[in-house]
Amino acid sequence: MNYLSIKESRNRVKDFDCGNSDLNAYLKRYAYKNDKSGIGRTFVLFDNDKPVGYVTLCSASIDFENTPNNIKLPRYPIPAIKIARLAVDKKYQNKGFGKELLAFSLEKIAMLAQFIGVKFVVVDAKEESKSFYEHFGFIPLPTNGDRFILPIEIVMRARGH
Ligand SMILES: CC(C)(COP(=O)(O)OP(=O)(O)OC[C@H]1O[C@@H](n2cnc3c(N)ncnc32)[C@H](O)[C@@H]1OP(=O)(O)O)[C@@H](O)C(=O)NCCC(=O)NCCS
């Protein structure tokens, strides 16, 4: 198993199928374009030459009004990093690879957060994956039922930073 950037692997992802056509199309049509333009960085996990799953990360911000009341914050947009896409091929689902992609992402985010202000990890979850993120401690935002956040302190502590 190894990770490749989409730049290195864009000709090897055509057979990827996670069961969600938007997420399939993103990897095959847009991930490389967005990586090239600096909008989102995509990493693909491979089992030899087979794409197992992928994740796309980008920067984000959350309006103060949309953050949980119990977290004390200044009243301006709060910096975050977004897991913009995360999917596992159907043949590899329920074998721990979603967890692996999430761990890979959180490791990168924890590293960045040592040098750049990041308060939350954020994800806009599809209906079928909400419970996956909740399983790993993500909290739904009261103002937007699709948006989940994980405070950076939890990520840093878990990664030993
Ligand atoms: C959701 C998805 C990423 C999960 O990946 P996966 O490889 O199947 O999940 P894993 O095997 O790594 O599961 C890790 C843990 O999460 C749990 N889990 C997995 N999918 C879950 C779900 N939908 N709801 C709740 N828990 C889930 C597993 O039980 C496992 O628990 P454990 O750590 O206690 O053993 C994957 O099924 C997928 O790509 N689905 C289709 C596309 C999609 O909806 N993507 C998310 C869009 S943002």
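What follows walks through the sheet, the core, the ligand shell and a few individual residues of this predicted model.

The backbone of the fold is easiest to read from its sheet. Seven strands make up an open sheet with mixed pairing, and their order runs S1-S2-S3-S4-S5-S7-S6. At the two edges sit strand S1 (2-5) and strand S6 (139-141), each of which pairs on one side only. There is some twist to the arrangement: on average, neighbouring strands are turned by 35° against each other, ignoring direction. Helix H3 (residues 97-112) packs on this sheet, where it touches S1, strand S2 (41-47), strand S3 (50-62), S4 and S5. The direction of H3 makes about 40° with that of S3.

Further along the strand order, S4 (residues 78-88) and S5 (residues 120-124) run parallel and are joined by three bridges. Within this pair, Lys82 stands opposite Val122 of S5. Strands of a sheet pair through backbone hydrogen bonds, whether parallel or antiparallel. As for S5 itself, four of its five residues are buried, leaving the strand mostly covered.

That brings us to the interior. The largest nonpolar core counts 40 residues, and Ala80, Phe120 and Val121 have the most contacts inside it. Quite a list of elements gives two or more residues to this core: helix H2 (21-36), S2, S3, S4, H3, S5, strand S7 (144-151) and helix H5 (152-158). The largest share comes from S4, with eight residues. Ala80 makes a good entry point here. Setting aside neighbours within four places in sequence, Ala80 is in contact with Ala60, Ser61 and Ile62 on the one hand, and with Val118, Lys119, Phe120, Val121 and Val122 on the other.

Ile149 offers another view of the interior, this time from strand S7. Because 23 other C-beta atoms lie within 10 Å, Ile149 counts as buried. Beyond residues up to four places away in sequence, Ile149 touches Phe120, Val121 and Val122, along with Phe138, Ile139 and Leu141. Two of the residues with the most contacts inside the core, Phe120 and Val121, thus turn up among the contacts of Ile149. Asp22, by contrast, is 127 residues from Ile149 in sequence, and the two C-alpha atoms are 22 Å apart in space.

Turning to the ligand, its surroundings comprise 21 residues, of which Gln93, Gly98, Lys99, Ser129 and Ser131 come nearest. S4, H3 and helix H4 (130-135) each supply at least two residues of this shell. Its make-up is a mixture: eight nonpolar, nine polar and four charged residues. S4 and H3 therefore appear both in the shell around the ligand and in the list of elements that feed the core.

Two asparagines deserve a quick look for their backbone angles. Asn48 lies in the loop between S2 and S3, and its phi is near 50°, a positive value in a residue other than glycine. With 7 other C-beta atoms within 10 Å, Asn48 is exposed. Asn94 sits in the loop between S4 and H3. Phi of Asn94 is near 60°, again positive in a non-glycine residue. Asn94 counts as exposed too, because it has 8 C-beta neighbours inside 10 Å.

Note on methods. Residues are numbered from 1 along each chain as its sequence is written. This is a predicted model: local features need pLDDT of at least 70, side-chain atom pairs count only at pLDDT 80 or more; totals for chains, interfaces and linings use all residues. Two strands pair if DSSP finds at least two bridges between them. Axes are lines fitted to C-alpha atoms, for helices over the stretch in contact, and angles run from 0 to 180 degrees between N-to-C directions. Two residues are in contact if their C-beta atoms, placed from the backbone, lie within 7 Å. A residue is near a molecule or strand if its C-beta atom, placed from the backbone, lies within 6 Å of it. Ala, Val, Leu, Ile, Met, Phe, Trp, Tyr, Cys and Pro count as nonpolar, Asp, Glu, Lys and Arg as charged, and the others, Gly among them, as polar. A nonpolar core is a set of buried Ala, Val, Leu, Ile, Met, Phe, Trp, Tyr and Cys residues joined through C-beta atoms within 7 Å. A residue is buried if 20 or more other C-beta atoms lie within 10 Å of its own, exposed if 12 or fewer, and partly exposed in between; C-beta atoms are placed from the backbone.
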